[in-house]
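Please take a moment with the sequence and the model shown here before reading on. The paragraphs below are meant for someone who has not met this structure before.

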Amino acid sequence: MKQRVCIIGAGPSGMNLLGMLNKLKDQGNPLDVTCYEKQDRPGGLWNLTWRTGTDEFGEPVHCSQYQDLFSNAPKECLELPSYTFKDHFGKAIPSFPPRPVLSDYIRGYWKHMGVEDADVKTNHCVRDVKFDEQSNTFTVRVTDLKANVDVIEEFDHLVVATGHYSTPNYPEFAGVETYKGRILHSHNFRNAREFKGQHILVVGSSYSAEDIALQCYKFGAESVTISYRTAPMGFHWPKGVEEVSLLTGLDGKTCHFKDGSSREIDAIIMCTGYLHNFPFMPTELRLKSTNILYPPNLYRSLQWHGVSEGTKNVDGRLFYMGMQDQVYTFTMFMLQGLWVANVIKGLLQTPPYSECKKVIEAATASNADLNDCYKQIDSQSAYVKQLADDVGYETDLDVGQMFYEWVHDKNEDILTYRDKSFTCKFRGDKAPIHSLPWLKCYDDSVNNFVGK
């Protein structure tokens, strides 16, 4: 009898799993796989939309990307060995592509893995999951959004691959209710051009804050102020971009900061992170985590084991993919997909609960020491190697030194690091330099960046 597998979400994690299950289809346990995606096509965050708030069905918009978004790390750090950028585009391309180029590449990779859009039940939103301890099965209630009907199915394995960058985290500040300018979260940011000539406040000190501040500068904001909570990013910002301490209050359009300074601000962009949000999961099986490298209750950051108080164990039948903070991306998702596929197919036996519990607790405790970017790079490099060792994947995916070089370039000049060139680890091709520097490149189309 075929084991039934439910995958929730068809972004990079879910699609990688579908690809790996397809690759292993003639090995191990026979499976019947269903993948649900609430959007109208696979892609997850890579499905750019003009919409914010809710979609045409009244569901929360998933997309957190925006126009003119370029990769903030070298493509060589996420390039897939079995399908390189040169394989996809037929030639070498610059190291820091815009969003449409990366989207085109990963969709090509999914086809290369034998996964088509038709393999996903799109416009299907999972509402509720229940686990029956007697039968060891999951009952999943899902809404067909177009037909507006609910369907209930049973599965032997459940994989949550919905991501954790779509439910915005909003902090509270005194006076925010009567602020006279515009306030939005980076989740709803779509185009920096609308802020031309304005005085912008970016609240946050991580990747979104860094990039949106630079986007606003690039497209003509009069000034950009970045408010940090703990520590400044500390880059050599251009004139017109400045970091200040924590925002403490608002009065009209005046923003006050912890250091005693204040300034008039036209719009505030909250780059304050996201919440892990899985309302369809029962409380005892729901991942509760912040954006850390090693989330709780997950062996290898993938397989659920109820370690924390108030959680339950489900005999290794539940998985969460792509839920950690990410240095590595596409290559890590690929290996996570291969690891989960091997476990579900019965090709990889994980240790008993008692041993998994020790590994989970040690990994979770290690988060406390991962307090700088170099430690995070090294730790996730080791994690990726661990996954590879588990499944016998032999290609070396370690690009830690490349990440180190990238950090150096950013610290040297935050405006020009995207103009650097890196070498493909798998083909040895050095990327060409684009004809325009990132600061002057206003066309993010595939034709402009790659050429016809």
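What follows is a walk through a buried charge, the nonpolar cores and some aromatic pairs.

The model is a predicted one, and a good place to begin is Arg 190, which sits in the loop between β7 (182–185) and β8 (199–203). Arg 190 is buried and yet has no salt bridge, for the nearest side chain of opposite charge, that of Glu 194, is 9.0 Å away. A salt bridge would call for a side-chain nitrogen of Arg within 4 Å of a carboxyl oxygen of Asp or Glu. What the side chain of Arg 190 does reach is backbone oxygen: a polar atom of this side chain lies 2.9 Å from the backbone oxygen of Arg 51, and the backbone oxygen of Gln 65 is reached at 3.3 Å. Leaving aside residues up to four places away in sequence, Arg 190 touches a set of residues that includes Thr 49, Trp 50, Arg 51 and Thr 52, as well as Val 61, Cys 63, Ser 64 and Gln 65.

From this charged residue we turn to the nonpolar interior. The largest nonpolar core has 102 residues, and those with the most contacts inside it are Leu 335 and Trp 339. Helix α5, which spans residues 330–344, gives the most to this core, contributing 11 residues. When residues up to four places away in sequence are not counted, Leu 335 touches Val 384, Leu 387, Ala 388, Val 391, Tyr 393 and Leu 397. Apart from this core lies another, of 23 residues, among them Val 129, Phe 280, Met 281 and Leu 298.

The aromatic rings come next. A search of the whole structure finds 23 aromatic pairs. One of these is formed by Phe 96 and Tyr 417, which meet edge-to-face, at 5.7 Å centre to centre and with 85° between the planes. The pair links distant parts of the chain, since Phe 96 is in the loop between α2 (85–89) and α3 (99–112) and Tyr 417 is in the loop between α8 (400–412) and α9 (446–450), 321 residues apart. Phe 96 is buried, with a relative accessible area of 3%, and Tyr 417 counts as buried because its relative accessibility is 1%, where the cut-off is under 20%.

Phe 96 also pairs with Phe 422: the ring centres are 6.2 Å apart and the planes stand at 70°, so this pair is edge-to-face. Because Phe 96 lies in the loop between α2 and α3 and Phe 422 in the loop between α8 and α9, the pair ties together parts that are 326 residues apart in sequence. Phe 422, like Phe 96, is buried. Elsewhere among the aromatic residues, Tyr 83, Phe 85, Tyr 105 and Tyr 109 form one cluster.

How values were computed. Residues numbered from 1 in each chain as written. Predicted model: local features only at pLDDT ≥ 70, side-chain atom pairs only at ≥ 80, totals over all residues. Heavy atoms only, no water. Helix = DSSP H or I, 4+ residues; strand = E, 2+ residues; numbered from the N terminus. Buried < 20%, exposed > 50% of the residue type's maximum accessible area, 1.4 Å probe, protein only. Lys, Arg positive; Asp, Glu negative; His and termini not counted. Polar contact = N/O pair within 3.5 Å; in protein donor to acceptor, adjacent residues only side chain to side chain. Contact = heavy atoms within 4.5 Å. Core = buried A, V, L, I, M, F, W, Y, C linked by side-chain atoms within 4.5 Å. Phe/Tyr/Trp six-rings, centres within 6.5 Å; stacked < 30°, edge-to-face > 60°.
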